[in-house]
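Open the model in your viewer and keep the sequence panel beside it, since this tour moves from one selection to the next. Each stop tells you what to select and what you will find there.

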Amino acid sequence: MQVHRASPFLAAASILFLTLPSAALSAPPSAEKRADREALKAALMEVLQRSPLKASRVGVHMQSLDDGTVVFSHNADELLNPASNVKLVTSAAALATLGPEFRYDTEFLVDPELGSDGKVKTLYVRGKGDPSLTTERLWGVVSELWHVGVREVGEIVVDDSWFDAERTPPGYDQEDSDRAYMAPTGALSLNWNAVAIYLRAGSGPGAKGTVEMEPPSDYFIVENQLTTGSRRARRVSVTSDPAGSQQKIVVRGQVPEERGGAVSVWKKIDNPPMYFGQTLKQLLATRGVKMKGRVKVGLTPSKAKMLYVAQSETFDVLLKRLNKLSSNFVAEQLLKTMGAELKGAPGSFTKGVEVVEQFLERDVGIPRGTYVMKNGSGLNDANRFSASQLNRLLRHMVERVPFAPEYLSSVPIAGKDGTLKYRFEGSDAVGKLRAKTGTLESVSALSGYVTSAGGERFTFSIMANDFAGRAGPIVAGLDALGAAVAATGSSLGPSNAVAALADSSRPASAINDVAARIKTYLDLGKQRDQRNIGFLRTAWRSERDPAVRAVLAESLYQSNPHDYLGARTLLDSYAATGEVYGRLREVARVLSVEVPGVSSMVELAAGGNSEALARVLELAGVAGTDAQSQKELSEALGEVARTAPEELVVALRAASAGDRDASTTLLARALVQAGQADHPFWKSLRRTLGATDPQLAAFAKGLDSTLSQKVAEAKAPKPGDAGTPVQVVAPAGNAPVPPRAGTPPEARTAETRPGG
């Protein structure tokens, strides 16, 4: 097995970069440096006074690594939700307590004697929490078992006892979601406890679509109701539910014939050890091992003989997946691992948090009780840290020479990789700033390290909470703060760097001129070719016309719909404003096409993305009396109501009164047009009427009443109409649709984001 370690050169370079020179600590800053810092402070205050950040709760703390001076501080001691910046805490504690050379073991054992004929009565698999096992690695293990002589296996016993039975930590209970970023923990885990579901169109419109699981396994029960639709068929509904020791995957809807290739959807696994065991069984059979018995959960007997041990890569490699990709799953696995390794098995979230608290108090100097930590990933509203505390942690890890290279190399690099790959482009921060992002609903954070153009090194932590509207303007503000620090000491200067990064608009071009450029980018997007991404990204970065920029963002998304960063770019670039949506409606009329960007936004919304849902409702709010726009958005809301009904209810609740009124009018038309008694939206609304959250239940009751009235209006014949209006079929056993208030419910909450 190949071992990845930090090279001696990297370690030496990192130590030289990170070590604090004692002379610098005692020397007062020069006049030039003082001037640079005053310019930096002025630029930072300018950014904080902008409306998106000014109206938010913001904590900022920046400190020089060269002389220890606090360069800038704003509400630095206020406890805020740090979102995925908590992963900086989890990874630091794990690195310090487990060590950079730590490896996970997954043990394969048999009864004391393996017969000469290769028959194994029971194959035991004992997990120790490895978060990095994949199908490919497991296939390698199967080959090793074959080569040690295993030819027949009676039954497989999966031993998950190294961790306790609590699968998800506090904070995860605030969502009821089957999305992959909510994956549960498990001492035996595979593929980050998520499964890829591939959907492919059939031979023509109306033909049955194909649903394939990767990896295939008897663990899944697949119910395929997928058909092939026209080019307007944008999205399908993929849901998963536990079915005893198996998991049921239900696929409904249509996939467009013209899309080509396969659409992939990721869902979390409900029963990690059974998923692991059933997949192992499938791979053994594929390798030629005869499988006779079943898979079951159990304990490994003390007399069992070790047959093979699968080791993970060293811990420094795992840290990169945690921080660069912001993996919630890896973070929670690490928390339980710390608990098991230092407090004794079974590992638990509580034990893991205790280990982190000991590390923060003993090593970092952050006392218990001055912060709140409930999980290791930062998901949802479960944690509170201050900017000064995170900054203190970052400084501590820089000074820990044995761990500093591994820790620093795990953090995303601005403009280069991870969740910062497409941020800070065109600024001095590219390649010089390393930081962990954090994104939740109404939360955005950025904490890390930056070297300024003048050569000075800083730690910083920035957190914004409780902002209204979309995250894009807040993220831009955080990036402006980082760019200002990076530009300190350059000829450009921090204030000019802030202005350059914020300059994303120019006078609108004439519609006919801009339409020609937009057509070019639309055609590139339709190719769905990832080889175009580099060109499109460069064009997006340099483009200043907001409407063209939005189309470039859509083409980036279409070129790789599975890339979170492409979707993020689209969400940040597309707005229900006159300069974007309004002008794109004009372009659509010139080019005789659908309004650019709407179909992609609907695709994201129909998949349950909360920001995209909010944007679709905003579009409905500005559709006005334009018949074509109303028709398009009514169809869009109908699709969203079918595939993401719970999320739509929550989005409607959060929308402004005007957007909600316009959206419910268009939604009512779509529901009338659908004419289904068992439409998923009606079912979801009935469940929400009895939500445990009384405010959500009250909103659902009001929405039920409003939609009842609007559906009745949509069904009523209009003056001059001919024929009979479309009817909505009543659900069996109920009054005519819409559903009656008071029907029993089961509430679910909306998606925020997979960490970030």
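Begin by selecting N191, which is buried, because its relative accessible area is 7%, under the 20% that marks a buried residue. This residue has a positive phi of about 55° although it is not a glycine, and you will find N191 in the loop between β5 (152-159) and β6. Most residues other than glycine have a negative phi. Keep in mind throughout that this is a predicted model.

For a second residue of this kind, select S442, where phi is near 65°, again a positive value in a residue other than glycine. S442 sits in the loop between β15 (433-440) and β16 (443-451). Is S442 buried or partly exposed? With a relative accessibility of 26%, S442 counts as partly exposed.

Now return to β6, residues 194-200, which pairs with β7 in the antiparallel sense over 5 bridges. If you select L199 and look across to β7, the bridge partner you meet there is V211. Both strands belong to an open sheet of 3 strands, in the order β7-β6-β11 and with antiparallel pairing. The edge strands of this sheet are β7 (210-214) and β11 (262-268), each of which pairs on one side only. From one strand to the next, the twist averages 25°.

Continue from the end of β7 to the peptide bond from E214 to P215, which is cis, with omega near 5°; P215 lies in the loop between β7 and β8 (220-229). Another cis peptide bond runs from A345 to P346, with omega near 0°, and P346 is placed in the loop between α9 (328-343) and α10 (349-364). Most peptide bonds are trans.

Next, turn to the interior and select Y574, L584, L648, L667 and F681, the residues with the most contacts inside the largest nonpolar core, which has 71 residues. Helix α17 (residues 546-559) gives the largest share of this core, 8 residues. Which residues does L584 touch, leaving aside those up to four places away in sequence? L584 touches I518, A547, A550, V551, Y574, V595 and P596. A second, separate core has 48 residues, including L318, I366, A387 and Y407.

Finally, zoom out to the whole chain, which has 26 helices and 17 strands. Of its 756 residues, 56% are buried, and its accessible surface comes to about 29,300 Å², with 51% belonging to carbon and sulfur atoms.

Definitions and conventions:
Residues are numbered from 1 along each chain as its sequence is written. This is a predicted model: local features need pLDDT of at least 70, side-chain atom pairs count only at pLDDT 80 or more; totals for chains, interfaces and linings use all residues. Side-chain values use heavy atoms; hydrogens and water are left out. Helices (H or I, at least four residues) and strands (E, at least two) are DSSP runs, numbered from the N terminus. Buried means under 20% relative accessible area, exposed over 50%, partly exposed in between (1.4 Å probe, protein chains only). Accessible areas come from the Shrake-Rupley method with a 1.4 Å probe; for residues, only the protein chains shown count as cover. Two strands pair if DSSP finds at least two bridges between them. Axes are lines fitted to C-alpha atoms, for helices over the stretch in contact, and angles run from 0 to 180 degrees between N-to-C directions. A nonpolar core is a set of buried Ala, Val, Leu, Ile, Met, Phe, Trp, Tyr and Cys residues joined through side-chain atoms within 4.5 Å. Contact means heavy atoms within 4.5 Å.
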